[in-house]
Amino acid sequence: MADPIIEVKDLKTHFPVRRGPLLNKKTVMLKAVDGVSFSIPERETFSLVGESGCGKTTTARSILMIEQITDGQVLWQGKNVQELDDTDMKRYRASVQAVFQDPYSSMNPRMRVVDFITEALLLDPSIDRAERIQRAEAALEQVGLRPQDARLFPHEFSGGQRQRVAIARALASAPRLIVLDEPVSSLDVSIRAQIMNLLKELQQELGFSYLFIAHHLGTVRYMSQMVGVMYLGKIVEMASSEELFTNPLHPYTKALFSASLPDHPDVQRDEIILIGDVASAIDVPTGCRLHPRCPFAMPHCAEQEPEWKEISPGHWAACHLY
């Protein structure tokens with residue numbers, strides 16, 4: 001396996017929240033991310049999947065240094081990003097770029113595309129205006145748009161074209177890792193495959209890594225080498241893409257697959273239904289976080305947190321069933 005470009009070790013991102021009666025409010029902690037660990041090798045894609053609110057996006061925002069990390073480490077080429085000096089932090093921010101879900105809200109409607117793409121390059125005084133324009137035009141060509149499109153405004157593009165512009169912006173600073181937060185979920189089905197194929201082609205050509213966040217399991221299977229399944233702030237199962245999709249172990253993973261459409265109408269599979277709703281990240285259940293909803297829960301599931309184990313080579317899970 002290639003060396004990791006980034007390592008996340010026991011990452012925790014908690015937010016203070018005021019709760020209680022109007023005159024007697026208390027500050028409690030919302031545990032959005034509560035002990036997440038994974039690594040992403042060079043030239044590979046690691047995906048995070050799970051229900052809305054499970055902590056996927058907060059994990060990504062913590063890696064991007066948008067959210068303040070409560071505990072744990074994000075190691076970039078062996079260095080803790082929280083301890084980087086100003087110079088290394090600028091390099092880190094240039095090397096780790098993001099493409100977000102909504103191609104409409106992520107672009108300033110008053111900003112020409114050339115300025116949107118090269119905005120991050122303004123931090124480097126050695127890059128003059130002419131070189132920034134050249135980089136923008138080259139990035140637009142890489143994503144299948146015309147160099148002259150750099151002079152246009154966002155309203156002159158379709159949704160799929162705007163997402164290509166957002167990808168071009170990420171490419172302009174020559175990144176090593178790109179965080180893709182639901183990059184195709186807001187696009188028409190006919191456009192999704194084009195953008196996914198573009199992302200895979202760019203990765204093969206330029207050699208960067210992806211952290212891919214998505215709900216759609218078919219997209220995750222197509223894009224990823226490794227997949228982590230998140231529930232209520234923790235990763236509950238992790239394996240290679242093919243291993244996870246052919247042999248899911250954790251009840252939550254099985255329930256996710258059960259709720260998704262099968263690859264073929266004739267495919268028969270077990271139906272696993274979780275009872276109730278996801279618990280609050282403020283009042284996290286004791287023991288296994290899934291136990292109030294799990295059809296396989298045993299008495300000790302409510303008391304003991306399951307150990308993170310390698311059930312088979314390269315296939316990890318945290319569940320008392322194993």
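**Exercise 1.** In what order do the eight strands of the open sheet run?

*Solution.* This is a predicted model. Start at one end and read across: β6-β7-β8-β3-β9-β10-β12-β11. Next, look at the pairing. It is mixed in this sheet. Now find the edges. They are β6 (96–99) and β11 (308–312), and each pairs on one side only. Last, check the turn between neighbouring strands. It is 20 degrees on average, direction ignored.

**Exercise 2.** In which sense do β11 and β12 pair, and over how many bridges?

*Solution.* Locate β12 at residues 315–318. Its pairing with β11 is antiparallel and has four bridges. Then pick out one bridge: Trp308 is partnered by Ala318 of β12.

**Exercise 3.** Find the strands that helices α5 and α6 touch.

*Solution.* Take α5 (residues 159–171). This helix packs on the sheet and touches β6 and β7 (177–181). The directions of α5 and β6 make about 175 degrees. Move on to α6 (residues 189–206). Helix α6 also packs on the sheet, and touches β3 (45–49), β7 and β8 (209–213). Its direction makes about 155 degrees with that of β8.

**Exercise 4.** Describe the surroundings of Lys234.

*Solution.* First place the residue: Lys234 lies in strand β10 (residues 234–240). Then list its contacts, leaving aside neighbours within four places in sequence. They are Asp34, Gly35, Val36, Val229, Arg289 and Glu305. Now look at polar atoms. A polar atom of the Lys234 side chain lies 2.9 Å from the backbone oxygen of Asp34. The Lys234 side chain also makes a polar contact with the side chain of Glu305, at 3.5 Å.

Technical notes:
Residues numbered from 1 in each chain as written. Predicted model: local features only at pLDDT ≥ 70, side-chain atom pairs only at ≥ 80, totals over all residues. Heavy atoms only, no water. Pairing = 2+ DSSP bridges. Helix = DSSP H or I, 4+ residues; strand = E, 2+ residues; numbered from the N terminus. Axes fitted to C-alpha atoms, helices over the stretch in contact; angles between N-to-C directions. Contact = heavy atoms within 4.5 Å. Polar contact = N/O pair within 3.5 Å; in protein donor to acceptor, adjacent residues only side chain to side chain.
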